Amino acid sequence: MTDDVLVLPLDAIDPADPAALGRVGGKAANLGALVRAGFAVPAGVCLTTTAYRRTVALGPLLDGPELVAADARAAVLASPVPDEVADAVRAACPDGPVAVRSSATAEDLPDASFAGQQDTFLNVVGPDAVLDAVRRCWASLWTDRAVAYREAHGIDHATVALAVVIQRMVDARWAGVLFTANPVTGRRSEAVIDAAPGLGEAVVSGSVDPEHVVVDPGGAVTRRAGAGGTLVLARAGGGTETAAHAGGVTSLPADAVRALAALGHRVEALLGAPQDIEWALDADGTPWLTQSRPITTLYPLVPGRPGLRLFLSANVAQGVFRPLTPAGLSAARHAGTGVARLLGVPVDDPEQGPPMLAQAGERLFVDLTDVLRSRIGRRGAAGVLGVMEARSAAVIATQLDRPELSVTRRSPLPALRRVARIAVRYRIPPAVVAAWIRPARARQRAFALVRTAGEALPGRARAGRVERVERARWMLAERFVQVPPRTAAAPVAGFLALGLAARLLRGHARPGELGTVLRGVPHNVTTEMDLALWDLAVRLRDDPDSVAALTGTGPAQLAGRRDTWPPVLSAGMADFLAAHGRRAVAEIDLGLPRWSDDPTHLLGVLANYVRLTDPDRAPDAVFARSAAEADAVIERLAGRVGGWRARVVTVALRRARDLVGLRELPKYWLVTVLAAARAELAVVGADLAARGRLEHPDDVFFLSLTEARQDFDRRDLVRTRRAAYDRELRRRHVPRLVYSDGTEPEALAPETAPADGALTGVPASAGTVTGPVRVITDPLGAHLDPGDVLVCPSTDPGWTPLFLTAGGLVMEMGGSNSHGAVVAREYGLPAVVGVRDAVARLSAVTTVRVDGTGGRVEPVG
């Protein structure tokens, strides 16, 4: 087939032809596949992209600095249609009324459907009307919504073109949409049908509330009558008209429901992925397929052991919604191997990781099924998730009655034996007692252990590629797990002290008071890092050259010109990076640059800090006030109980403040190990790039550790993985919990929202604040004005510099002891975490009131 063909019958389109997508677009290519497989598709032709390119020339408009969609549309509509194209359209038109549908080369793709971005014209009668509809289809490639959609998906406007499908109209009695997997819950093989009388445009456009039918994999049917609305009907003589539809009844014939569900399964099997299908039912009850595209919003299935399994997203739990690099995933599997072996779980291959780890969508998932089938596992999961990720704990609680999660192991002895072995091996119980008695010494020993262990990590000596990869693997799979058990005693003692005080204060402590005790907690490596960055900003504020550099130049541009930094900025950054340069945003991903590699984020934060001149809002002053408030609350609480209880409460709460800040040390140690392993792989990448095995040294982070060890040409593999990684970066939804059949239990869990429209979550840091909403999904380049309420999916330590200027925090993930909650308390920020869909629901809100004591977020403007 040559590129000069103007018109192709649908049955002549070969979807296996690599050039088909560029010639006929996604919609026509899928229809061609359906026709060839024998499905009932209205007869028709495709006007190829050759016709579009011969008619439309937008070169000057596309070469400008900014595309104006209206100018592009006007240019298309003003372009004269060549005679050969017009004649081809007239000759190809089927007799009678037709549907004229756009088929863009960037449409109905596996990762971007472009649904509804281009126009469709129904019941078009006559060649001249068809030609006019074709021209308007071409122009719809340049609607504001289509241009914005392409830009959001990183698609170059100059690379797209539009084919047009011209098909016989179906005399539709019913029409609508069929999903071969549930687009809301994610469950595969569950057909979902939306149907209404007349043409499908009413369902697609939303002008009618359709009848909703769900057919589960076993064939059971659930129906919901639509509320009615406005139907779209074919008008005699051409065009369409509308009619009112009352709704309120379920009337799609039962045999049509069964036929559509079966049809959907066959289409999915042919096209190899769950489908979003548009269909029409004629007067004889025959279902016709008018369109089929992949459902691009479904999260990929998480692979696991046989049977239905429940997975928790490790990414989401760690506050990292973005995908992990292949090196980051490999490092996580090696570290998971070390943890599994510490617990006595055998792992054959560290590159594969323990059996409870799985990967999907370039993200990491933990299989909770076996944990929840154990009585003690359920209690442990509820306890840990209850304070670290409360929303997940609540959703899991709604699933425990499912037979797949029924308890099969009732004895706690195996789990207790594993914990006891670790406690004895690392002498944790006596260390807990020692930390209670001498907290200062326990802190010193914990910090010294992390410091000396970090200094002892290999990496300074010269070594070859294989040895460097092996050192990285050893650090992750073996060395990493040796330190956390030795530093655990101090924070455990702190939390036990807090628990003891809580028991003694039962009935005496008011809501939020015990949380206030943990404000301004010292000895936390993350808050110390934040305050060190603030201290640097204070010093830079007195240097006009540094202020000018930070505020007059973009952070990325400034980061790339370190040799031009003013001396004060250069020296200050050098000192800060020497102490904290191993950290980063999304720092659990070994493949992402550390701040010492790329300080762009820090420079942006410093630019915000130097503008903060109100001394009362200075972070060090806020932190000091928080600590003073905590001391005052301790005295009040002790005064309420009196006697010996007052003395014990005072000592316990003081011990808690002395020790709980050390909870960040295990994460800090992991970051230290990841930075050392990254340094090893960076040298390996430079070696492989120098010998032509990689295009760039940083490409090594798109290999697993095993692949980095091997001396093969990986350039094509890296290009493929970078493309997959970039696609996943654009994914908007990542499930926190998901079954192996794709079902997201959170979508099944009912939400009881307050009648006043407030959002609810877990109270994380007491107090109330009203302030402007600032929704941030990626801290890189983010800006917070003093007093802004930070609304985000989740946080990790790379986010915390933003907390210093925030007025409050609202977070979708987390629990009372999650990272964001802990840091919010330490800075005295009212915070509510575990707020379902907070980012989406507050994106259009200008001002909110955050009640961190009651767990409410109230839109006020």
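Here are three short exercises on this predicted model, each with a worked solution.

**Exercise 1.** Work out how the radius of gyration of the protein sits against the globule rule.

*Solution.* Start with the make-up: the secondary structure comes to 34 helices and 26 strands. Next, take the radius of gyration, which is 31 Å. For 861 residues the globule rule gives 29 Å, and the two values are close, so the protein is as compact as a globular protein of that length. For a feel of the dimensions, the C-alpha trace spans about 95 × 60 × 55 Å along its principal axes. Buried residues make up 53% of the 861.

**Exercise 2.** Classify the ring pair of tyrosine 52 and tryptophan 138, and say which parts of the chain the pair ties together.

*Solution.* A search of the whole structure turns up five aromatic pairs. In this one, the ring centres are 6.1 Å apart and the planes meet at 75°. Angles over 60 degrees count as edge-to-face, so that's what this pair is. Now place the residues: tyrosine 52 is in helix H2 (residues 49-55) and tryptophan 138 in helix H6 (residues 127-140), so the pair ties together parts 86 residues apart in sequence. Finally, check the cover, where buried means under 20%: tyrosine 52 has a relative accessible area of 5% and tryptophan 138 has 1%, so both are buried.

**Exercise 3.** Do the same for phenylalanine 702 and tyrosine 725.

*Solution.* The centres lie 5.4 Å apart with 90° between the planes, making this aromatic pair edge-to-face. Phenylalanine 702 sits in the loop between helices H29 and H30, and tyrosine 725 in helix H31, 23 residues apart. Both residues are buried.

Key
Residues numbered from 1 in each chain as written. Predicted model: local features only at pLDDT ≥ 70, side-chain atom pairs only at ≥ 80, totals over all residues. Heavy atoms only, no water. Helix = DSSP H or I, 4+ residues; strand = E, 2+ residues; numbered from the N terminus. Rg over C-alpha atoms; globule rule 2.2 N^0.38 Å. Buried < 20%, exposed > 50% of the residue type's maximum accessible area, 1.4 Å probe, protein only. Phe/Tyr/Trp six-rings, centres within 6.5 Å; stacked < 30°, edge-to-face > 60°.
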